[in-house]
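Here is a short report on one protein chain. Please look over its sequence and fold before reading on.

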Amino acid sequence: MKFLIQRVTKASCTVDHQITGQIQDGLCVFIGFSNTDTRQIADKMIQKLIGLRIFADSEGKTNLSIRDVNGSLLLISQFTLYANCRKGNRPSFTDAGSPELANDLYQYIIDECRKQIPIVETGIFGADMKIELINDGPFTIDLDSGDLSI
């Protein structure tokens with residue numbers, strides 16, 4: 001599982017000219033899945049996401065989590081995080097999880113995040129989404145479940 005996390009001052013997702021989710025001051029998280037991902041892995045990734053201290057405290061140091069600053073989440077499914085570009089110029093997506101598994105885990109992550117963060121907005125799984133965001137910092141973190149102790 002991969003989370004590409006961007007601290008944002010605002011972010012939105014539009015599908016067919018309709019906004020499906022928008023936030024102010026929080027994290028826009030692009031989420032990719034592989035076929036080996038499980039709910040246990042999702043739980044560890046959510047715990048890490050919610051606990052990341054990447055917001056500034058009163059002294060300007062990144063000491064606060066999204067919960068500490070009452071931030072919002074915009075969660076976007078993005079299978080292209082598993083692009084394999086080793087051969088040729090056309091990415092392969094064979095490492096990405098099946099749509100059924102990915103959608104189940106995406107919905108699970110949304111539900112679990114909503115238990116902990118008051119404002120959780122989303123895209124639409126499998127849709128052609130247009131994402132707009134203002135990256136604050138810029139601050140971007142690539143979180144891979146393979147790098148975590150699970």
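Is Leu133 buried, partly exposed or exposed? The model is predicted, and the answer comes from its computed accessibility. Buried would need a relative accessible area under 20%, and exposed would need over 50%. Leu133 has a relative accessibility of 29%, so it counts as partly exposed.

**Around Leu133**

Leu133 sits in strand β7. Leaving aside residues up to four places away in sequence, it touches Gln6, Val8, Lys10, Ala11, Cys28 and Phe30. Two of these contacts, Ala11 and Phe30, have a further role. Both belong to a core of eleven residues that also includes Cys13 and Val15. Thr20 is another reference point for Leu133. The two residues are 113 apart along the chain, and their C-alpha atoms are separated by 14 Å.

**The sheet**

Five strands make up an open sheet. Their order is β6-β5-β2-β1-β7, with mixed pairing. β6 (120–122) and β7 (130–144) are the edge strands, and each of them pairs on one side only. From one strand to the next, the twist averages 30°.

Strands of a sheet pair through backbone hydrogen bonds, in a parallel or an antiparallel way. Three of the pairings are listed here.

| Strand pair | Bridges | Direction | Facing residues |
|---|---|---|---|
| β1 and β2 | 13 bridges | antiparallel | Ser12 and Gln22 |
| β1 and β7 | Eleven bridges | antiparallel | Ile5 and Ile141 |
| β5 and β6 | Three bridges | parallel | Leu75 and Thr122 |

Why is β1 described as largely enclosed by the rest of the structure? Ten of its 14 residues are buried, so the rest of the structure largely encloses β1. β1 also forms a hairpin with β2, with two residues between the strands. Asp16 lies in that turn and has a positive phi of about 50°.

**Helices on the sheet**

Two helices pack on the sheet. α1 touches β1, β2, β5 and β7. Its direction makes about 80° with that of β1. α2 touches β1, β2, β5 and β6. The direction of α2 makes about 175° with that of β5.

**The largest core**

The largest nonpolar core contains 30 residues. Phe3, Leu73, Leu75 and Ile109 have the most contacts inside it. The elements giving two or more residues are β1 (2–15), β2 (18–32), α1 (39–51), β5 (72–77) and α2 (99–114). Which element gives the most to this core? That is α2, with seven residues.

Leu75 deserves a closer look. Its contacts are Val29, Ile31, Tyr106, Ile109, Ile110, Cys113, Val120, Glu121, Thr122 and Gly123, again without residues up to four places away in sequence. Thr122 is thus both a contact of Leu75 and its bridge partner in β6. Ile109 is likewise touched by Leu75, and both residues are among those with the most contacts inside the core.

**The largest pocket**

How much space lies in the largest pocket? The volume is about 330 Å³. Its lining has 18 residues, and the closest to the centre are Ser77, Gln78, Phe79, Thr80 and Gly126. β2, β5 and α2 each give two or more residues to the lining. The largest share is from β2, with three residues. These three elements also appear among those that give two or more residues to the largest core.

**Backbone details**

Which peptide bond is cis? The bond from Gly137 to Pro138 is, with omega near -5°. Pro138 lies in strand β7, as does Leu133.

Positive phi values also occur away from the hairpin turn. Asp25 is not a glycine, yet its phi is near 45°. Asp25 is found in strand β2. Asn70 is not a glycine either, and its phi is positive at about 55°. Asn70 is placed in the loop between β4 (62–64) and β5. Is Asn70 buried or exposed? Its relative accessible area is 65%, so Asn70 is exposed.

Key:
Residues numbered from 1 in each chain as written. Predicted model: local features only at pLDDT ≥ 70, side-chain atom pairs only at ≥ 80, totals over all residues. Heavy atoms only, no water. Core = buried A, V, L, I, M, F, W, Y, C linked by side-chain atoms within 4.5 Å. Buried < 20%, exposed > 50% of the residue type's maximum accessible area, 1.4 Å probe, protein only. Helix = DSSP H or I, 4+ residues; strand = E, 2+ residues; numbered from the N terminus. Contact = heavy atoms within 4.5 Å. Pairing = 2+ DSSP bridges. Axes fitted to C-alpha atoms, helices over the stretch in contact; angles between N-to-C directions. 1 Å grid on protein atoms, 1.4 Å probe; cavity = no way out; pocket = protein on both sides within 12 Å on 5 of 7 lines; lining within 4 Å. Points joined across faces, edges and corners; volume = space filled by probe spheres on them.
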